[in-house]
Amino acid sequence: MRLLLVEDEPEIQSFVKQSLVEAGYEVHTAEDGTTAIQLASKHVYHGLIVDLGLPDQDGIELILQLRRSGVTSPVLILSARRSVDDRVKGLELGGDDYLTKPFALAELLARMRNLLRRNSSPPEDPTRLRICDLELDMLKRRATRGDEVLNLSPQEFVLLEYLCRHAGRVVTRSMLLKEVWGMRIQPDTNVVDVHIYRLRGKIDTVGREPLIKTLRGIGYVLKGT
Amino acid sequence: MSSKVPDPILHSAAWRISLWATLAFAIGTMLVFAMLHRFVANDIQQRSDAWLSGEVAVLGDVAARTPKDRLYGRVVREVAELASREVPDKTRSSSNENDSVFFLQAGDDGPLKLWVGTGDGMPNLAAIRARKFASDVPYDLNVKGFNYPFRVASVRLDDGSHIYLGLSERDELRVLRNLRIRFVCLWLLIVSFGAAIVFFVTRRMLGHVRDMTEAASRIGQSDLSSRVPTSKRNDEVGHLARTLNHMLDRIENTVHQLHTITDALAHDLRSPLTAIRGKLETTLSNDVRADQAEPIVSAIDELDRLTDFLNTSLDVAEAKADALRLSRTEIDLDELVRGMVGLYEPSMSDKGLGVQVRSAGSVKVLADAALLHRVISNLLDNELKHLPAACTVSLLLHANEDMAILIVEDDGPGFDIDVRRHLFERRVRGRESRGHGLGLAFVEAVVRVHGGSVTADNCDEGGARLSITLPLWKAAPDAESHPLVLAKG
């Protein structure tokens, strides 16, 4: 899949591009709005990442211009502004997403993946999720590991479900807070970690293969070997 | 808000102003009339006194020169009859019987010598004799059987008897009464007319002021680009509107500058922070050894704390300047508090803290969700960090008539006395705090920007207590249909 990254800071551009390439995307870059428009008229992009503070024009204007010229691919907005502009929120409602700087790369990748998936394939069968011997029955709201039924609280089930839906990919604390608890907060205590530890205590019991792994400084990943 | 005022007219300044103006006007005109009335009454009195004195002198003269026989009686009667016809402003409708004048001649005691008038004259004589002193100037006399007093003048004859001539004050009093009635009618008319004029003029004038006030208060709550309505007139009100709009121009400029500065500051700091964080993260994911990973992880943590500090301090700065950009939505505090407690409960119980929620059910406010989430999480972070084990945090949520009240209290050691006084200032924190000292300043700033208040004190039992009030969101049917319709410029 081909992505267009519009970002004028060379440093940020370089590491974002690097991690996107590592994640398997083909990435084109532009430093300003004019270049972005030119590129978008020559190539088809599956997704765009646009910084709002561009040297020649406002990122929002660029996105509107792209939309007018027929680009319908999802846009992930990067914003260094503190409070997010209402117009950005408007765009977000239209199916796109935004991240405020500084952001975790893992989160950027996860958001991008979400946007691309939302755009392309229909959602997978939601009634049953399976990772190794962990199985989630979405209808009965029941989780089993092997043949053992796990005794999870409703909250823990939602958390596990989110991890399973993103199995094999990194999820950050702020992603969990936003998606599982519906809050855009940055607590300076380890509230999310404690939830994960508890969940891990119920799933990765002694003798079983640990599924939830901690990536220190980044977040968590649920995957089997 | 305005729906709470019981009667807007009775509480308006226009009403009060017109009330006082009318009162002053009414009293003033009343005083002028009283003086006029007094002047007219005196004048009438003087005229009738002069007439009476003249007549009684003539009668005395006649009596002195006419022999004391039947002829004398006739002459006096004729003169008295004549006098009675000269009474000013006599009622035409009254009967032929002449009760407005009497003539009486009598000695100091003994019977009547001569009587002309209504009745037998005995009550008149009795009334005159009841007066202890005689006087040469006319005086008022109340006679039994007559509704109105008589004005009586007397003259002493050579034979020691007196001639009394009495003139009823009925007509005089009627003139004055008519004057009073007419005046009162006219007075009521003028006063009510004046009151109406004053009321409508001031109401119109103050209506402009009210429009401005409403517009100004809406501007404070929503956007700064609106302006109060201005009129073309060059009076004080028009001047006030223009001055307000100039002031709003300046405020908008200042706020705009503040936003520009904070945005620029945030932008200039965030770009390098993003770059640093990105590089660290890339390094971390490249399979570094565990002992190498440790400093990178802590660097990322520190960076995140720095970012949080940057965000919060800029938010506090903007909130203190009333320039925080809010995107308000309807929020159920009950739901929010329970969600937050759900998030924090495991960490709390790990630390040996209890947490309980007591709520009377759904309490809705109109607020910026992201900011309010951070407020509650700040408070719970505080408890989590500072409260010693085995304590309990209680969140009490209820609402009174127009405020939602959230109390967060604990049974811990409470606030330090010296810290408590400056609790909501920036950079104030307890000795053991690891935070950046912005937590409660942020809470206070956000709550204030939403039109609420925060108070902090210690419970009687010793724990810390923080009370937050926020204006209730009432789903009034007309709330939605009140978009800002303001004149620009």
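**Exercise 1: Two rings in chain B**

Task: Decide whether B:Phe33 is buried or exposed, and work out which kind of ring pair B:Phe33 and B:Phe183 form.

Solution, step by step:

1. B:Phe33 has a relative accessible area of 11%. Buried means under 20%, so B:Phe33 is buried. Keep in mind that this is a predicted model.
2. Now take the partner: B:Phe183 has a relative accessible area of 16%, so this residue is buried by the rule of under 20%.
3. A pair of aromatic rings is described by the distance of the centres and the angle of the planes.
4. For B:Phe33 and B:Phe183, the centres are 3.8 Å apart and the planes stand at 5°. Planes under 30 degrees apart count as stacked, so this pair is stacked.
5. Where do B:Phe33 and B:Phe183 sit in the chain? B:Phe33 belongs to helix 1 (residues 13–65) of chain B and B:Phe183 to helix 4 (residues 170–221) of chain B. The two are 150 residues apart, and their pair links distant parts of the chain.

**Exercise 2: A pair at another angle**

Task: Work out which kind of pair the rings of B:Phe102 and B:Phe150 form, and which strands they tie together.

Solution, step by step:

1. The ring centres of B:Phe102 and B:Phe150 lie 5.0 Å apart, with the planes at 75°.
2. Planes over 60 degrees apart count as edge-to-face, so that is the name for this pair.
3. B:Phe102 is in strand 1 (residues 101–106) of chain B, and B:Phe150 is in strand 4 (residues 150–156) of chain B. The pair therefore ties together parts that are 48 residues apart in sequence.
4. Check the accessibility too: B:Phe102 has 2% and B:Phe150 has 1%, so both count as buried.
5. To round off the rings, the count over all chains is five aromatic pairs. Ring pairs also link B:Trp15, B:Phe199 and B:Phe200 into a cluster.

**Exercise 3: Where the chains meet**

Task: Describe how chain A and chain B touch: how many residues are in contact, and how many salt bridges are there?

Solution, step by step:

1. Start with the contacts: 37 residues of chain A meet 44 residues of chain B.
2. Next comes the area buried between the chains, about 3600 Å², with 56% of it from carbon and sulfur atoms.
3. Two salt bridges are counted between the chains. A:Glu11 forms a salt bridge with B:Lys279, where the closest N and O atoms are 2.9 Å apart.
4. Nine residue pairs are in polar contact across this interface.
5. Finally, sort the side of chain A that touches chain B by class: 16 residues are nonpolar, 10 are polar and 11 are charged.

Methods: Residues numbered from 1 in each chain as written. Chains lettered and ligands numbered in written order. Predicted model: local features only at pLDDT ≥ 70, side-chain atom pairs only at ≥ 80, totals over all residues. Heavy atoms only, no water. Contact = heavy atoms within 4.5 Å. Buried area = accessible area lost by both parts, 1.4 Å probe. Salt bridge = Lys/Arg side-chain N within 4 Å of Asp/Glu carboxyl O. Polar contact = N/O pair within 3.5 Å; in protein donor to acceptor, adjacent residues only side chain to side chain. Nonpolar A, V, L, I, M, F, W, Y, C, P; charged D, E, K, R; others polar. Phe/Tyr/Trp six-rings, centres within 6.5 Å; stacked < 30°, edge-to-face > 60°. Helix = DSSP H or I, 4+ residues; strand = E, 2+ residues; numbered from the N terminus. Buried < 20%, exposed > 50% of the residue type's maximum accessible area, 1.4 Å probe, protein only.
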